[in-house]
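Q: I am new to this structure and would like a close look at a single part of it, the surroundings of the ligand. Please take me through that part carefully, and then place it within the chain as a whole.

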Amino acid sequence: MNFHTRKWVKPEDLNPNGTLFGGSLLRWIDEEAAIYAIVQLGNQRVVTKYISEINFVSASRQGDIIELGITATEFGRTSITLTCEVRNKITRKSILTVEKMVFVNLGEDGLPAPHGRTEIKYVKDQFQEDGISE
Ligand SMILES: CC(C)(COP(=O)(O)OP(=O)(O)OC[C@H]1O[C@@H](n2cnc3c(N)ncnc32)[C@H](O)[C@@H]1OP(=O)(O)O)[C@@H](O)C(=O)NCCC(=O)NCCS
């Protein structure tokens with residue numbers, strides 16, 4: 001799993017208990033996962049269809065640096081299934097796991113459309129396919 005995005009936990013991200021607010025974390029994860037799906041499927045028109053059990057493993061506090069990791073576990077006909085983990089960048093302690101997030105690829109009509117992808121593509125390879133070698 002690649003941990004691309006880092007976040008610095010700030011006062012506006014906290015709950016009244018003084019720890020990272022779950023809603024902030026879910027917003028970050030949903031956006032990160034959507035970007036991952038857009039890149040993998042090569043289509044900006046993707047929507048979140050399903051999010052499985054979310055496990056808030058441990059709390060994060062103001063000043064913590066956390067990182068968000070996403071990887072694809074399954075390519076369907078019109079969907080892509082991802083798994084996610086958020087951890088403390090310094091201690092590597094797990095903060096949240098989401099077993100399964102399903103995004104659906106939509107056509108211009110807003111209906112599910114086949115995406116034709118079957119495996120993870122890395123940006124480096126996508127650029128090579130476009131004729132850009134580095
Ligand atoms: C996404 C949406 C267009 C899909 O419509 P639908 O009628 O369920 O479409 P389908 O039944 O053809 O399913 C589409 C894909 O989703 C998968 N899917 C549907 N329901 C699912 C569920 N509960 N869990 C996991 N996957 C599911 C199907 O297996 C299919 O994948 P596949 O083609 O790879 O096999 C529709 O449900 C929708 O608009 N939902 C709202 C999305 C939204 O607003 N999200 C929040 C903002 S981004």
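A: In this predicted model, strand 2 is the element that gives the most to the shell around the ligand, contributing four residues. The full set of residues surrounding the ligand consists of Val47, Thr48, Lys49, Tyr50, Gly76, Arg77, Thr78, Ser79, Val102, Val104 and Pro112. Two elements each supply two or more residues to this shell, namely strand 2, which spans 46-51, and strand 6, which spans 94-105. Sorted by character, the shell around the ligand is made up of five nonpolar, four polar and two charged residues.

Turning from the ligand to the chain that surrounds it, the protein chain contains two helices and six strands, and these follow one another along the sequence in the pattern β-α-β-β-β-β-β-α. An unreviewed UniProt entry places the feature "domain: HotDog ACOT-type" at residues 1-109; over that stretch the chain is 18% helix and 45% strand, with the end C-alpha atoms lying 33 Å apart.

As for the overall dimensions, the C-alpha atoms of the protein chain fill a box of roughly 45 × 35 × 20 Å when this is taken along the principal axes. The protein chain has 134 residues, of which 23% count as buried. Finally, when contacts in the protein chain between residues at least 6 apart in sequence are considered, 65% of them join residues at least 24 apart.

Notes. Residues numbered from 1 in each chain as written. Predicted model: local features only at pLDDT ≥ 70, side-chain atom pairs only at ≥ 80, totals over all residues. Near = placed C-beta within 6 Å. Nonpolar A, V, L, I, M, F, W, Y, C, P; charged D, E, K, R; others polar. UniProt positions renumbered as here; feature names shortened; annotations may be inferred. Buried ≥ 20, exposed ≤ 12 C-beta atoms within 10 Å, placed from the backbone. Contact = placed C-beta atoms within 7 Å.
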